[in-house]
Each structure stands twice: as C-alpha cells, then as structure tokens.
Amino acid sequence: MRCDPFFKVLCVELFLFAIVRGSYDRSPENYNQSSTEKKIRTSADVNSSSSKNQLHHAVSTDTDDVVRQLKRLSRRRRSAIGLSETIRYERPSRRSEHDVVAAFNELDYYKYFKYSTSPKKPTTSPPQKQSTFPPTNKRMPNPTPSQTNLITIAPTSKPSPKPSSLGFNDVVSAPPSVLPTEIVCPSNPEETAEIRAKKLTAIFEGTVVDSSSLSIPSSPQSRAAEWILHSDPARLCTSDVFAEKIAQRFILAIYYFATGGDTAWKEQRGFMESKDECLWGGVTCKENGAGFIQKLNMDENNLSGSLPLELYSLYNLTDIALDSNNLTGSISSSIAQLPLLEVLDLDKNNLSGSIPSSIYNLTSLKVLDINDNKLTGTLSSHLENLSNLVFIQLHNNFFYGEIPNSIGNLSSLDTLLLHGNDFFGTVPQTVCGLQNLKLLMSDCAEPNPKVSCSCCTHCF
C-alpha cells in the first residue's frame, strides 16, 4: 500500500478504522458496506446530498484513494459533515501530528451517532467567551452521550491546568463582595477589630494609674495591653465579658510582666493561658472560680521587681501572700484601697521604706507578716486601729524607737515577733497582759538587752 509520508499516520488509522468497523456488522445485506460509510449514513446530519455521495465514494478499502478524496473536500463540504474549519487538509505542509489526531477525533464523532439511541444533529457552537472570574474547585459532571452536542477536538497545545483552590492573589483580585471578613467577636459580629481595640483601650486607660505608661513600649502596662489586644489566646471582647473582668485580667498581666514572669519566675503556673484568669496558678476567685480575685498566693517563685500599683485596684482581694521572693520597692500607700484585705504576707523579700500610715485603715487585717526585709521607721500608735490583728511578724528589719502601748489594745493578738530590730525601752505591761498572746519575742537577751521584757517567751 502506497501512502504520502506525511499522511502515514492518517492512512494507517483509516485503514485500521475501516477494518474494525467492518467487523461490527457482518450481515449479508450489510457485508459489503464499510464502517465509515455506516457512520455517515446514520448521522442524518449531512446537509448536502452531494457531500454524502462524495464521502460514500471516499470510503474505500484503498487507503491512498481515501486520502486523496479527503484532501479534495472543500471547506463547505467539511463544514456540512461537522469537521472543524481550523484543520486545513489542502495545506499539508503546515499540518502537524496534532492536526492529524484532531481530524480523526472529529471523524470519530460519528461513531457516537451510530450507537446512540437518540441521534442528534451536530451543531457548531459559537466560541465561548473566557471567564474573567477566578477558577473554582467545583467540578462539573461528565456529560452523557445524550447531553453532548459539541465536537471534541484534540488539543494542539498544552492542556490548561486543573482549577485549584483560591490562593492569595485570587482573593485579592476577586470582587470586594467575596473577600473573606474576619469575625473578631463571634458573639457580636458588629464588634470589628477597630471597635474592639477602642473599647479595650478605654478599659486600659481607666485601669492604669499613669496613662502615659501605656505609651512606653517596655513598660509592664504597655506590654500587658499589647498582650490582651493581640496575643491573649482567650481573645476577649467587650461583648463577651464584663469590663471589670477584662480589667482584672489586664492587671494580672501587668503583675506578670512587672515581676519578671516571662524572665525570672521558676514556674509559670498556668499564667497567660487561654483559660479564665481565676484558674491561673496562685489565683483564687469568688463564685467557684468565675468571679473576682480574692487571693493572690505565689511564694518561693523568684518574683522580682516591685509590685505594680494597679494590683491595688483588685478591690476584692483578701489575701496577698508573696513571701520568699525577690520583690523590691516599698509597701505602697495604695494598699489602703483594699478594704477587705485580711492577710499581707510579704516576708523574706527585699522591700525597703517604712510602713505606710494608710495601712492602719485596714480594719479587716488579721495577718501582718513583713519580717526579713529592709524596712525601717517607727511603729505608729495607730496600730491599735487594726483590732482584728492576730499575727504580727516584724523581726529582722531596721525598725527603731519604742514599742507603742497601743499594741496592748489588740485583744485578739496571738503572736508578736519584734526581735532583730533597733527597738529600745520596755515592752509595755499592757502587751504582757494580753490574754490570747502565746508567742512574744524581742531583743531582751542578756547581758546587753536592747529591750527590757518581763513576759517575752523568747529573748534574742
């Protein structure tokens, strides 16, 4: 069999195609009909009878003749049988192998009409306008034969990539109506990030003692505000919790940064986690851990620095127990803002200064434990105002002066430790007469006593 070299593939395919199609129908009346002729006969789509006749003659066992007949088909006749006008058979020098394959794919379209239960007329669809919208991941179902009305043409170039999920560039170029919007506060979508920041900032400014501290990036107040706004895993919103609860969490964050929580603490004890601040280690709250802070206990945890003044805004505090740490600074006069305070336990730190006179207004105070510091000054006669005091430890400091007689009015006093200071004089008899007093220590040891005491249980 002789064949044009360029149409070698086309020739072989047509030859094999005729043989295979002929094997499908071996009945006596159809035995002499080729498979290509059957395809054309069953299509019922050929508009021109002359096109039918020419194609009928084109179908021959002589493959060379088929090629020559096919090349002579005019553009009008190819269009009549549904062939694409983009394939130029009359210019073989510019055709590629992809064109040959495309031609066979178009011819094979009629195979579908031969075996289809409901043949349809092939139509040429107008060119589709390419969409300018981003690709989507939605896959259209494959059409069934009855749904197909377009001729499939093999690609002559690289196939387009599969659509992928929207990326960053796709989202940016998408219309504004489809841009994702971050829900900052799920309980109140109207509270945007900007509104949330403004409301939280107002709470911060109303909580700090000095509002200028918020503008100093290195200050504990500024760091705590930054944490609440951007880093707190709880992501608090003013629509979710009371402002007082947010302020309470903010104060504990200030306390954390002011005392070296991120650099010096031995144990984090759950601080700065997403859970409610009442569940952080060393923090005790009212109402089963969901209310306001009552107790702050964190001894022997290497706390450093000075206690922030904002801590005294926790008005429900009853206990402050921060002994055996490295706290510096003084006992602030702001302590008077804690009217419910019962326990002040700051022993074994590096506190200095004197006992503030405002402390004598804490009538609920029961424990004053400030020994082993660097405190100085005298004891005020107003100490008697603390009528509920049971336990006083002032030893190993730098107090001086006489021991006031008013201490004898503390009828509930159980323990009084005064040694290791610079007191002088005599322990008042009113103190010795306290019925509940069980432990009394002073610098009354011989041979050179600083203090004369006839009722002390221990002398140093």
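**Backbone outliers, sheet order and aromatic packing**

Arginine 269 counts as partly exposed, at a relative accessibility of 27%. In this predicted model, the residue is placed in the loop between α11 (243–258) and β1. Its phi is near 55°, a positive value in a residue other than glycine. Serine 324, likewise not a glycine, has a positive phi of about 60°; this serine belongs to the loop between β4 and β5 (326–327). A further backbone feature is the cis peptide bond joining glutamate 446 and proline 447, for which omega is about 10°. Proline 447 lies in the loop that runs between β14 and β15 (451–452).

With regard to overall architecture, the protein contains 13 helices and 16 strands. Of its 460 residues, 42% are buried. Among contacts with a separation of 6 or more, 53% are accounted for by residues 24 or more positions apart. The surface exposed by the protein amounts to about 25300 Å², of which carbon and sulfur atoms supply 52%.

An open sheet is formed by 9 strands, in the order β1-β2-β4-β6-β8-β10-β12-β14-β16, with mixed pairing. The edges are occupied by β1 (283–285) and β16 (458–459); each has a single partner strand, so one side of each is left without a neighbour in the sheet. Within the sheet, strand β2 (residues 293–297) and strand β4 (residues 319–321) run parallel and are joined by 3 bridges. In this pairing, asparagine 297 stands opposite alanine 321 of β4. Strand β12 (residues 415–417) pairs with strand β14 (residues 439–442) in the parallel sense, also over 3 bridges. Here leucine 416 is found opposite leucine 440 in β14. The pairing of β14 with β16 is again parallel and comprises 2 bridges, with methionine 441 opposite histidine 458 in β16.

Aromatic side chains were examined next. The count of aromatic pairs comes to 10. One of these pairs is formed by tyrosine 256 and phenylalanine 257, which are arranged edge-to-face with 5.3 Å centre to centre and 80° between the planes. Tyrosine 256 is buried, with a relative accessible area of 8%, and phenylalanine 257 is also buried, at 15%. Because the limit for burial is under 20% relative accessible area, both values meet the criterion. A second edge-to-face pair consists of tryptophan 265 and phenylalanine 271, with a centre-to-centre distance of 5.1 Å and an angle of 80° between the planes. Tryptophan 265 and phenylalanine 271 are both buried. Ring pairs extend through these four residues and others, linking Trp227, Tyr255, Tyr256, Phe257, Trp265, Phe271 and Trp280 into a cluster.

Internal space was also assessed. Rolling a probe the size of a water molecule over the atoms shows where empty space is left. A search of the whole structure identified 1 cavity of 30 Å³ or more. The volume of the largest cavity is about 40 Å³. Its lining consists of Ser306, Leu307, Tyr312, Leu327, Thr328, Ser330, Ile331, Leu346 and Leu351. One of these lining residues, Leu327, falls within β5 (326–327), the strand that follows the loop containing serine 324.

Notes
Residues are numbered from 1 along each chain as its sequence is written. This is a predicted model: local features need pLDDT of at least 70, side-chain atom pairs count only at pLDDT 80 or more; totals for chains, interfaces and linings use all residues. Side-chain values use heavy atoms; hydrogens and water are left out. Rings of Phe, Tyr and Trp (its six-membered ring) pair if their centres lie within 6.5 Å; planes under 30 degrees apart count as stacked, over 60 as edge-to-face and the rest as tilted. Buried means under 20% relative accessible area, exposed over 50%, partly exposed in between (1.4 Å probe, protein chains only). Helices (H or I, at least four residues) and strands (E, at least two) are DSSP runs, numbered from the N terminus. Contact means heavy atoms within 4.5 Å. Accessible areas come from the Shrake-Rupley method with a 1.4 Å probe; for residues, only the protein chains shown count as cover. Two strands pair if DSSP finds at least two bridges between them. On a 1 Å grid over the protein atoms alone, a cavity is a set of points where a 1.4 Å probe fits but cannot get out, and a pocket is an open set with protein on both sides within 12 Å along at least five of seven lines; lining residues have an atom within 4 Å of a point. Grid points are joined across faces, edges and corners, and a volume is the space filled by probe spheres set on the points.
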